[in-house]
Amino acid sequence: MEVHAKLMMNRVHVQDETDSFKDLFTTYYPFVVRQIMRIVKDQQTAEDIAQDVFLSFYHTDRSAIEHIPAWLTKSALYASYNYLRSEKRRYDRQERGAAEEERVSPSSEEMCLEKEAIDQVRDVLAQLDERERTLLVMKYSGYPYTELAKATGVEVSSVGTILSRAKSKFRKLYDLLRGEEG
């Protein structure tokens, strides 16, 4: 019988806390929403944040709170500023992601133009003789003159002259090709 009486008393105590919370919620909810609205400027967001504040309030020992309106105001302000900070971080992440996406994926038009330019360069290189083509490709791949000389079988002192002539020939052929297509 004692256990049954204790269970009934606990139910009454929980019911009193719930009724008390409902009264406090009904009384202070509009006040808390107004406090939050001063910061976030959006009604729906303010109501969402107010619900979070009251959820925290529900799980807090209300007997330890000296002044409930002050506690709710302070909690609402903290929750509002936390929301603004998290929104700013989210916006910054989206901006970084958009910038990264722009850098990573070129448009289809850019890809088409790049492919066309590559095809033009390949066509012009195909018109050059083997030695000129080898010198140009190796030079623009970063090889030093000594490596160019070994690959083409010419003297190191002649590489600069042959390379200069190959560049001129390439430039003329490329301009001619672009002039015909453009």
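These questions and answers go through a predicted model of one protein.

Trainee: What should a reader know about the numbering and the atoms used?
Mentor: Residues count from 1 along each chain as its sequence is written, and side-chain values use heavy atoms, with hydrogens and water left out. The model is predicted, and local features need pLDDT of at least 70, side-chain atom pairs count only at pLDDT 80 or more, and totals for chains, interfaces and linings use all residues.

Trainee: How many helices and strands are there in the protein?
Mentor: Helices (H or I, at least four residues) and strands (E, at least two) are DSSP runs, numbered from the N terminus. From that end, the elements run α-α-α-α-α-α-α. The count is seven helices and zero strands.

Trainee: What percentage of the residues in the protein is buried?
Mentor: Buried means under 20% relative accessible area, exposed means over 50%, and partly exposed lies in between (1.4 Å probe, protein chains only). The protein has 182 residues, and the buried part of them is 25%.

Trainee: Which helix supplies the largest share of the largest nonpolar core?
Mentor: A nonpolar core is a set of buried Ala, Val, Leu, Ile, Met, Phe, Trp, Tyr and Cys residues joined through side-chain atoms within 4.5 Å. The largest one has 19 residues, and Val32, Ile36, Phe54, Phe57, Ile68 and Leu72 have the most contacts inside it. Helices α1 (2-40), α2 (43-58) and α3 (68-104) each supply at least two of its residues. The largest share, nine residues, comes from α1.

Trainee: How many residues are in the second, separate core?
Mentor: Val124, Leu128, Leu135 and Ala166 are among its members. The size of this second core is 17 residues.

Trainee: Is glutamate 132 buried or exposed?
Mentor: Glutamate 132 is found in helix α5 (residues 130-139). Contact means heavy atoms within 4.5 Å, and glutamate 132 touches Ala166 and Lys169, not counting residues up to four places away in sequence. Its relative accessible area is 11%, so glutamate 132 is buried.

Trainee: What distance separates the C-alpha atoms of glutamate 147 and leucine 135?
Mentor: Glutamate 147 is in helix α6 (residues 145-152) and is partly exposed, at 32% relative accessibility. Leucine 135 is twelve residues from glutamate 147 along the chain. Their C-alpha atoms are separated by 9.7 Å.

Trainee: What kind of aromatic pair do phenylalanine 21 and tyrosine 58 form?
Mentor: Rings of Phe, Tyr and Trp (its six-membered ring) pair if their centres lie within 6.5 Å; planes under 30 degrees apart count as stacked, over 60 as edge-to-face and the rest as tilted. Ten aromatic pairs are counted by this rule. For phenylalanine 21 and tyrosine 58, the values are 4.9 Å centre to centre and 75° between the planes, and the pair is edge-to-face.

Trainee: How many residues apart in sequence are the parts that tyrosine 29 and phenylalanine 54 tie together?
Mentor: The rings of tyrosine 29 and phenylalanine 54 have centres 6.1 Å apart and planes at 40°, so this pair is tilted. Tyrosine 29 lies in helix α1 and phenylalanine 54 in helix α2, so the parts tied together are 25 residues apart.

Trainee: Which residue lies over the face of phenylalanine 57?
Mentor: A charge sits over a ring if NZ of Lys or CZ of Arg is within 6 Å of the ring centre and within 35 degrees of the ring normal. Phe57 belongs to one aromatic cluster with Phe21, Phe25, Tyr29, Phe54, Tyr58 and Trp71. At 5.4 Å from the ring centre of phenylalanine 57, the residue over its face is arginine 62.
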